[in-house]
Amino acid sequence: MSLSLPPTTEPGAVISATRCGARTRAAVGFPRARRGLIRPEQQLARRRPTTAEFPRSRPSFAVSVGSAVPEPGPEEVSVADVVPDIASIDDSLPPSRSCIESEAYLAHDGDGNAHGDEGEEWEAALLITGTAVGGGSLALPYFCAAGGFVPAVGLLAIAWAALLASSLTLVEPTIRVWEDNPSVAVSIHTVVETYLGKLAGVAAGVTFWILINCTLVSQLAKCGQLAALATGVAANGGAWVWATRFGTLSTAFIIAGAAFRRDVGRINALATTGLFCSFAAACLAGAAGISADALAKANLLLAVPALPAIMQTMTYAEAIPTVVDMCRGSRKKIRRVLAVGSLGPALMYMLWLAVTLGRRDLAAFGASGGDLAAKILADGGMLGAATASIAVCASISTLIGCYLALSRFNADTFHLPLNKGCKKLLALTVLPSLVLAMKGPELYYLAIKFAGTVPVAFLWGVLPPLVMWKQYDGDQKLGVGLKAILAAGVGVSLAAMGYGILGFEL
């Protein structure tokens, strides 16, 4: 078997087998086993690439792959030629991925099956924004009304910082697993299992499945309610029940079909753009009625119980594997996408809370336990129309992000092809949440609150520090200070889980 590569040095040069990390200029790097994950002999065996043809415009010659992979032993090896410097190679490839395989992967643009299609950076950022700003935004005033606007803004800042830190922690482990497994669809389940073992992987997989389906159930239930309101059916009796069920059913199949399209990134971008415009319209419509006295009212003790719902509403880490696909494993792009894509939702939520909690009539209604979103929709007017548009666009974007994440998880767990032609994958992705959502709109708040108690805290609070601990320990970079920070993160997340469960029971 041979690999066609452009010449860069004289044949017969003796070079060192070094880490294949930064862009290779004068050395051939061979994969070094990650401590505690893959043994060196396994790593060498799995890294023999297939034949790859580079552009014919470059002079090339054949290099035997068999001769390029040495037997474990001396650090100094002789090879005929070296891997070229290609500008498109990421500057920080991990040590577990061989440079030869990286070149072949770039030349063929991935396998086109397990890994998704490449996307623009702005599309990936909008996917994060759309996943974080979902139909759950309508529930925020309901959960935050008792505590007031100012404490709610503080909780938003805490949630944004915590979720961004958790997501950035998962970037490197996800990329490493993604690069090591070009033939499978990588999900959070695979990442956790790789670093923490099979039992932890199963726990992560089950929790992730529950979280995504809770999100889907809440959004589908709300979409069913919106569809019934649009028909003008009276909110009681059998006609209302069947109208909501028909709306839920239609939403599930339409959005799931869009999520499996190749241009899903652009569809999501349109929904997110509509979401931005709707939020702007709502702010303009509601700004005139905002009262400084209403904004100043605060009760910290009553505000704290809203944190799980805020975390659930703002979560987006389930989209990280999809973003890794779209950015083709570029660490700089992925981190930039996460930071920029998650900042917009935090600002939008703050403005939305100002519009809803800053109006005396709405604040009083919400403090009494009323459904603020339902009241705004029922009152109509420009604010009601903008709120309805927010609900539709946000639900579309969140449903797309959830269907993408769940389809990847199912393909990874059940070893299925990641494409719309797989009927089993479609059924596993769409049907469970759809069946539950048919119960009715009353599941909207219940599903959001439940998901924010245990699944969010466990998946994005407990597991990321443990994964990072294992990764840095394997890389021999785990210092005392980092240990203390990661341990504190796990402890706080466990405490939040306990508090959330207690609050949910009460």
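Reader: I've got the structure open. How many helices and strands does the protein chain have?

Author: You'll find 22 helices and four strands in the protein chain. Keep in mind that this is a predicted model.

Reader: Okay. What share of the residues is buried?

Author: Of the 506 residues in the protein chain, buried ones make up 54%. As for the accessible surface, that comes to about 21400 Å², and 65% of it belongs to carbon and sulfur atoms.

Reader: And what do the contacts say about positions in the sequence?

Author: Take the contacts with a separation of 6 or more: residues 24 or more positions apart account for 82% of them.

Reader: Now salt bridges. What's the general idea?

Author: Side chains of opposite charge can pair when their charged atoms come close. To call something a salt bridge here, look for a side-chain nitrogen of Lys or Arg within 4 Å of a carboxyl oxygen of Asp or Glu.

Reader: How many salt bridges does that rule give?

Author: The count comes to ten. Let's try one: Arg 336 and Glu 121 meet through their side chains, with 2.6 Å from N to O.

Reader: Which parts of the chain does that pair tie together?

Author: Arg 336 sits in helix 15 (residues 331-357) and Glu 121 in helix 4 (residues 121-132), so the salt bridge links parts that are 215 residues apart in sequence.

Reader: Are those two buried, exposed or partly exposed?

Author: Arg 336 has 41% relative accessibility, so it counts as partly exposed. Glu 121 is partly exposed too, at 25%.

Reader: Where do Glu 172 and Arg 176 lie?

Author: Both are in helix 6 (residues 149-180), four residues apart, which is about one turn of the helix. Their side chains form a salt bridge at 2.8 Å, N to O.

Reader: Why do Glu 172 and Arg 176 count as buried or exposed?

Author: Buried means under 20% relative accessible area. Glu 172 has 12%, so it counts as buried, and Arg 176 is buried as well, with 4%.

Reader: What about Glu 442 and Lys 439?

Author: Their side chains meet in a salt bridge too, at 3.0 Å from N to O. Glu 442 is partly exposed, with a relative accessible area of 44%, while Lys 439 counts as exposed at 54%.

Reader: Which residues are joined into one network by salt bridges that share partners?

Author: Glu 172, Arg 176, Glu 179, Arg 331 and Asp 475. You've already met Glu 172 and Arg 176 as a pair in helix 6.

Conventions: Residues are numbered from 1 along each chain as its sequence is written. This is a predicted model: local features need pLDDT of at least 70, side-chain atom pairs count only at pLDDT 80 or more; totals for chains, interfaces and linings use all residues. Side-chain values use heavy atoms; hydrogens and water are left out. Helices (H or I, at least four residues) and strands (E, at least two) are DSSP runs, numbered from the N terminus. Buried means under 20% relative accessible area, exposed over 50%, partly exposed in between (1.4 Å probe, protein chains only). Contact means heavy atoms within 4.5 Å. Accessible areas come from the Shrake-Rupley method with a 1.4 Å probe; for residues, only the protein chains shown count as cover.
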